[in-house]
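The following exercises concern salt bridges, the contact between two domains and the geometry of one helix. Each task is followed by a solution in steps.

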Amino acid sequence: MDGPPLTDGSIAIDGQLIQAIDQARRSGEIDLGDVILLPGFINVHTHLDLTDAAECQPKGADNPEGFPAWLERVVAFRRKQSLAQQQAAVETGLTYSLQAGVTTLGDILTQPSLWSLLVSSPLRGVAFRELLGLTPDRAADAITELNDWLALQKEGRWHRGLSPHAPYSVRRELFVAAMTAAERRGCPLAIHLAESRAEAELLAQHQGPLVPFLERRGVWDPSGLIGSWEELLQMVPAEQRILWIHVNYLSPRCLSARQTIVHCPRTHAAFGHDPFPLESWQHKGVRVCLATDGLASNPDLNLLEEARWVYRHYPNLTADRVISMITREAAAAIGWEKWVGTLTPGKLADLVVIPWPSGVPLATDPCVAILEGSVSVQAVMIDGQWILPPAPQNG
Ligand SMILES: [Zn+2]
């Protein structure tokens, strides 16, 4: 993903790192046969603790219930979910991710105790602590939570981030506190923005279907709302690394180049949102990454299927650009471009092995072969270690 595909390629690995990429033959080499080698995929937006929440999924694009009704279902689901169930959901989500070739995650974490499951997995990533609080009391509690979270030690493969959830659930002071702490600690932010029309109506007029949703939870406090999406964009410090999640209803006028939008294509389709102006954003220089979102809204955690969906629906995008949105550009979005996202000497040896699709000529561009076909990931390496080992080759 940092140059043209290399036919008959060979990767030399030294410890955790890629040492060389060339066409040399080496003693002790493993011949993987006719396969495609790619950098490990990077899924920058998941909610692994909702991996068991398939019953919440939207009912399809024709379903008139809309976003607030879906939120009601997710909140009800979370109420009845025990900590043990959340832990099992995270474990299952990590397994699904790995099977899909995902080696780096950006996961939203609702319970700090789930952190230990992430750091004991072979994957790497950023755990974004979810922060909720529209009323003064709840916002004050969330500020305590964020300080506790950032005071904990770093772990090798996992970093800590903050996710002040969304404009309809976060008080202005909580946004400010999260941005100030993130800037001071150099940690990334993830914010759900402009996800629904109901969110715009709430901010502009303090009315619409999100009001009864918040009232029923006893957290309706219009004095805490930010005035508009544009106001929130202007609050972010200039150098702050931030993932804007969804951004379904913001005009492409509103973001500047080098900012990142995380687009979750099949979740977007399931809600029947307006078409996502992906190419307009890219034309402006805004980085667009693809992610699955959680299983409360998406059918699975297979990031390659998000890429295939985009490749089918945006015919002007080249196959390698689409793959870059789950590798190279995703690495840059979380600030890890020195370490992952491409197969490059000096970077970490995180890679996926995909069998060459049968019947496809070997001269085909490998990204086209992957996106036009339906082959799955066969093997996964992280830090130079096979986590899912390749099938043995005969002869
Ligand atoms: Zn989300």
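**Exercise 1. Classify the salt bridge between Arg 25 and Glu 29 by the exposure of its partners.**

Solution. The structure is a predicted model. The closest N and O atoms of Arg 25 and Glu 29 are 3.3 Å apart, and the cut-off for a salt bridge is 4 Å. Next, consider accessibility. Arg 25 has a relative accessibility of 58% and therefore counts as exposed, the threshold being over 50%. Glu 29, with a relative accessible area of 38%, is partly exposed.

**Exercise 2. Determine which parts of the chain the salt bridge between Asp 49 and Arg 78 ties together.**

Solution. The side chains of Asp 49 and Arg 78 meet at 3.3 Å, N to O. Asp 49 is located in the loop between strand S4 (41-46) and helix H1 (66-80), whereas Arg 78 belongs to helix H1, so the pair joins parts 29 residues apart in sequence. Asp 49 counts as buried, at 1% relative accessibility; Arg 78 is partly exposed, at 24%.

**Exercise 3. Describe the contact between domain 1 and domain 2, and place the salt bridge of Arg 124 with Asp 383 in the chain.**

Solution. Begin with the division: domain 1 comprises 10-39 + 345-388, and domain 2 comprises 41-333. To the contact, domain 1 contributes 22 residues and domain 2 contributes 20 residues. The area buried between the two domains is about 1,700 Å², and carbon and sulfur atoms account for 70% of that area.

Then turn to the polar terms. Three salt bridges are counted between domain 1 and domain 2, and six residue pairs are in polar contact across their interface. On the side of domain 1 that touches domain 2, helix H14 (366-372) gives the largest share, five residues.

Finally, examine the named pair. Asp 383 and Arg 124 approach to 2.6 Å, N to O. Asp 383 lies in the loop between S13 and S14 and Arg 124 in strand S6, 259 residues apart. Asp 383 is buried, with a relative accessible area of 11%, and Arg 124 is buried at 5%. A network of salt bridges links Arg 124, Arg 157, Asp 350 and Asp 383.

**Exercise 4. Verify the span of helix H5 (residues 172-185) and identify what its buried residues pack against.**

Solution. Helix H5 has 14 residues; at 1.5 Å a residue, taken over one less than that number, the expected span is 20 Å. The end C-alpha atoms of H5 are 20 Å apart, which agrees. The buried residues of H5 include Leu 174, Phe 175 and Met 179. Among the elements against which the buried residues of H5 pack are helix H4 (136-151) and strand S7 (158-164). Gly 186 follows H5 and has a positive phi, near 65°.

Notes. Residues numbered from 1 in each chain as written. Predicted model: local features only at pLDDT ≥ 70, side-chain atom pairs only at ≥ 80, totals over all residues. Heavy atoms only, no water. Helix = DSSP H or I, 4+ residues; strand = E, 2+ residues; numbered from the N terminus. Buried < 20%, exposed > 50% of the residue type's maximum accessible area, 1.4 Å probe, protein only. Contact = heavy atoms within 4.5 Å. Domains from an automatic or database assignment. Buried area = accessible area lost by both parts, 1.4 Å probe. Polar contact = N/O pair within 3.5 Å; in protein donor to acceptor, adjacent residues only side chain to side chain.
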